[in-house]
Amino acid sequence: EGAPVSLVRARWLQSVVISVTPSRALVDETFRVAVQNLPPGSPVTLHSLHRSEDEDLWEAFGHYVSDSRGTVSVADDFSFGGTYTGKEAMGLLWSMSPVPGSREGLRLRKKNVCIPQLVNISVYGGHVEEGFGERLPLASTLTERWHLGPGVRRIEISERGVRGTLFIPPGPGPFPGMLDMWGGGGGLLEYRSALLASHGYASLALEYFTAGELKSADKEFSYFETAFNIVREHPQVIPDRVGLFGLSLGSLMASYLAAESSVIEPRCCVCVSGGHLYPRGANLQQLFRAYSSHSHKLRVDEHNREIWRSINLPIPEDLSQKLDVGKINCPMLLVNGIDDQNWPTVECAEDMAHMMRAAGKEHLLTRIEYPDAGHLIEPPYSPHSRATKFIKDVILLWGGQTKPHADAQEDSWRNILAFLQKHLYCTQNPKAKM
Amino acid sequence: IFFYNCTISTARCCVKLSVHPSRGLMDEKFTVLVQNVLPGFQLTVYAFYKCEGGYSWEAFAHYTASATGAVNVSEDPSRGGTYSGVEPMGLMWSLRPVPGSKSGLRMRKMNVQTPMEVTISVYQGHLTEGFVDQVPLAAVVVERWYMAPGVRRIPITEGGLTATLFLPSGPGPFPGLLDLWGGGGKLVEYRAALLASHGIAAMALDYLTPQITKETGKMVDYEYFEAAYRVLEQHPQILGSRIAMLGLSFGTSVTLRMAVYSQVIKLRCAVCISGSHVQPIDGSHLFVFSLLSFFSNADKTRFNEEQHVIWRDLLMPIPTDASLKVDVGRLRCPLLLVVGEDDQNWPSYESAMDMKEMMQRAGNEHLLTVLSYPNAGHLIEPPFTPSARAIMVLWGGEPVAHSVAQEDSWRKTLVFLRVNLYGGSQPGAAASSHL
């Protein structure tokens, strides 16, 4: 008291050091956040802040107490409160949510993968709950989170009527390939393919309808087959090692291709939050009309958020309403959240298993289901959104609770990469080969 | 990042190559791992870099896979190549111009806002040449950055200065530092950018070829350095009482001169690399001009790497005449001297010993720390900067010892700066307070 504020602050501030290691990393890599030169036993708040491409602010924070050496290590110490608790090395990322006063129904998705996500990590004195913007931190540092690894090439694809972006890993190749499809929100989202390429897969992020224009989606089956062939025929892709990756509607398309295509042969298929409910012989337009005919079953919750889960329950017995998954001949990995409020993915997975078992194909199927995880199972450390705006101003309930959903994202990604490695890269013992 | 290579139907095994971290600072180490080869498999790990000047640089090492079919460059010995033995960062510091390149090349990144992109590949067998004609088993790209995320680069032209200020990430305030290179001139930013990545607001200063000298033909003098110091001192995000100066080679001459004789510059501490205190002290502020005319007959308006003047011969033996040396007995701040004992360019080691003696006689020797490295040469740069034999021929030093000196001295320089710039409210023991 009495001393000029800046002087007091300077003496206190000038030695506190915060570090994030590594300061630049891929989005699925962990980091270590550490603070040093605090007085021992001090309560402090670790805070993360990110300004999205849409100019929304996202934040997370944890309450810590420095140890006898005056340090805090997020990877090793307990958070006693905040947006996450416990020992959570990556809690400052996955527990992020829009700051108070933000627009409703936001979802964090990277559009430009050529530049990183910038996250500011700060340390504040005391256990702060709000008003971070009005306070000065003791120290802060910036960290970069990349979807694109160094040397990965990005190629815009607009050929044979197909639109998308192909990502090729660095090196001589050739590489296994991937056709990567997102869901009903449409548009062209590159971030998962960029990340897959950073792990050694030549991946094509496919645009199959314009963002927000679900009802006008009119691509025929052949569009997807052509897209698959574009990957397969690329000089740096191993033609018999091309897989399918889909989430939500994209997952349904992946299953459709695996079951019904006579033109393409996927080596394996990753289906996240998908299903098999698809009137046989229908195109996308007809599919949506079929779903719309059940819209009277749509429910809303107490906040007027739409729950689509029940639209297609119970799972029909009528085989003509379902993909003939018994015809699938490649390994399938189904990743679902048990609290999925958008789609009855677990019920579908159960039924798919039943159908594949009847066809003697059960050995091809691997199912992973996560309690309290929702529909949007994204790459690890992405923030969880229980409900977001979908098309126009409708808010959809996706489900999931933040911590279990974050765990599901981390665990499923590890399983997905292992599955892809097993089926798309050599696995035989090199001793046998040389 | 992990990469495999697999051909479809052949019996060729799949090599997995990874470098972690794939994006790091220039002074950080990385781990290169090769996996999924046969035990005893012979391979060459190869690094390739095309510098800003368009020249190609390469480094390579021969390894033999372990019983588990892996090579870890950080732990396994290289059996030959541009480095041998266990050298975690050998692929960086042993980079050399590819055969057939022009001589005298030195790798200096001038644009610090983009990373150095190094391609690391693995080839079958123990190769020593013709890498360009072979297809590697796998390759990855590693980015090496001089600027940490959030570091801000601010060109400074006020007061007639030609300088660039790098502010660390965060709200500050930060201690400051004036960063001076040597006789080659130009505005060289990479060390200042790295220092800012470590929390010090560092200003790289061009004092031999600044705009003002190009326009007027006149060399700068005290006022120029004092103006630079003032920019730091008055900056709202810099702690005016915690400013250091770091000089290499000719920059040492300037640093010592200003530390002792400037009425304006009050340093918290100083770091002098590969330089000397020997210079005419004649009370003139036109000291840079007089330094150069004392030392050399070379055309003072041209500074480039080809002008390789051997200062050693001109400055030895170290004079006993006080008017020919900065009176380091009058220093009031901690001083760190970094010298290579095989410096072929300046008599750094001899100068350091003489300075020590002068400070002992004056009673301020407790301010002095000398880091002296056997077999290190003149250009003691931040770690993992190439110190290949071709460069050593000009400047002295043996590559491995020089690389060790760079790594060790940088770490200790950062500690020295941190202790003196960040620590406590009092600077070094008996240094009086300019604060």
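Helices (H or I, at least four residues) and strands (E, at least two) are taken here as DSSP runs, numbered from the N terminus. The model itself is predicted.

**Confidence in chain A**

The average pLDDT of chain A is 92, and 94% of the residues score at least 70. Two stretches fall below 50. One is residues 1-13 of chain A, where pLDDT stays under 50 and the model has 14 contacts beyond four places in sequence. The other is residues 428-434 of chain A, with eleven contacts in the model beyond near neighbours in sequence.

**The annotated domain**

An unreviewed UniProt entry carries the annotation "domain: BAAT/Acyl-CoA thioester hydrolase C-terminal" for residues 221-425 of chain A. Within residues 221-425 of chain A, helix accounts for 34% of the chain and strand for 18%. The C-alpha atoms at the two ends of this range lie 28 Å apart.

**A six-stranded sheet in chain A**

Chain A has an open sheet of six strands in the order β2-β9-β8-β4-β5-β7, with mixed pairing. The edges are β2 (24-26) and β7 (97-98) of chain A; each has a single partner strand, so one side of each lacks a neighbour in the sheet. Strand β4 (residues 43-51) and strand β8 (residues 117-125) of chain A run antiparallel and are joined by six bridges. One residue pair can be named here: A:L46 has A:V123 in β8(A) as its bridge partner.

**B:S276 and B:T252**

In chain B, B:S276 sits in the loop between β16 (269-273) and α6 (287-295). B:T252 belongs to helix α5 (residues 250-261) of chain B. Is B:S276 buried or exposed? Buried means under 20% relative accessible area. B:S276 has 0% relative accessibility and therefore counts as buried. B:T252 is also buried, with a relative accessible area of 0%.

The side chain of B:S276 approaches two groups at the distances below.

| Side chain | Partner | Distance |
|---|---|---|
| B:S276 | backbone nitrogen of B:V278 | 3.0 Å |
| B:S276 | side chain of B:S351 | 2.8 Å |

The pair B:S276 and B:S351 is a polar contact between side chains. Apart from neighbours within four places in sequence, B:S276 is in contact with B:T252, B:S253, B:L256, B:L315, B:W346 and B:S351. With the same sequence neighbours set aside, B:T252 is in contact with B:G247, B:C272, B:I273, B:S274, B:G275 and B:S276. The contact between B:T252 and B:S276 thus links helix α5 to the loop that follows β16 in chain B.

Methods
Residues are numbered from 1 along each chain as its sequence is written. Chains are lettered from A and ligands numbered from 1 in the order in which they are written. This is a predicted model: local features need pLDDT of at least 70, side-chain atom pairs count only at pLDDT 80 or more; totals for chains, interfaces and linings use all residues. Side-chain values use heavy atoms; hydrogens and water are left out. UniProt positions are given in the numbering used here, feature names are shortened, and annotations may be inferred rather than shown by experiment. Buried means under 20% relative accessible area, exposed over 50%, partly exposed in between (1.4 Å probe, protein chains only). A polar contact is a pair of N or O atoms within 3.5 Å; within protein, one must be able to donate a hydrogen and the other to accept it, and residues adjacent in sequence count only if both atoms are side-chain atoms. Contact means heavy atoms within 4.5 Å. pLDDT is the predictor's confidence in each residue, from 0 to 100. Two strands pair if DSSP finds at least two bridges between them.
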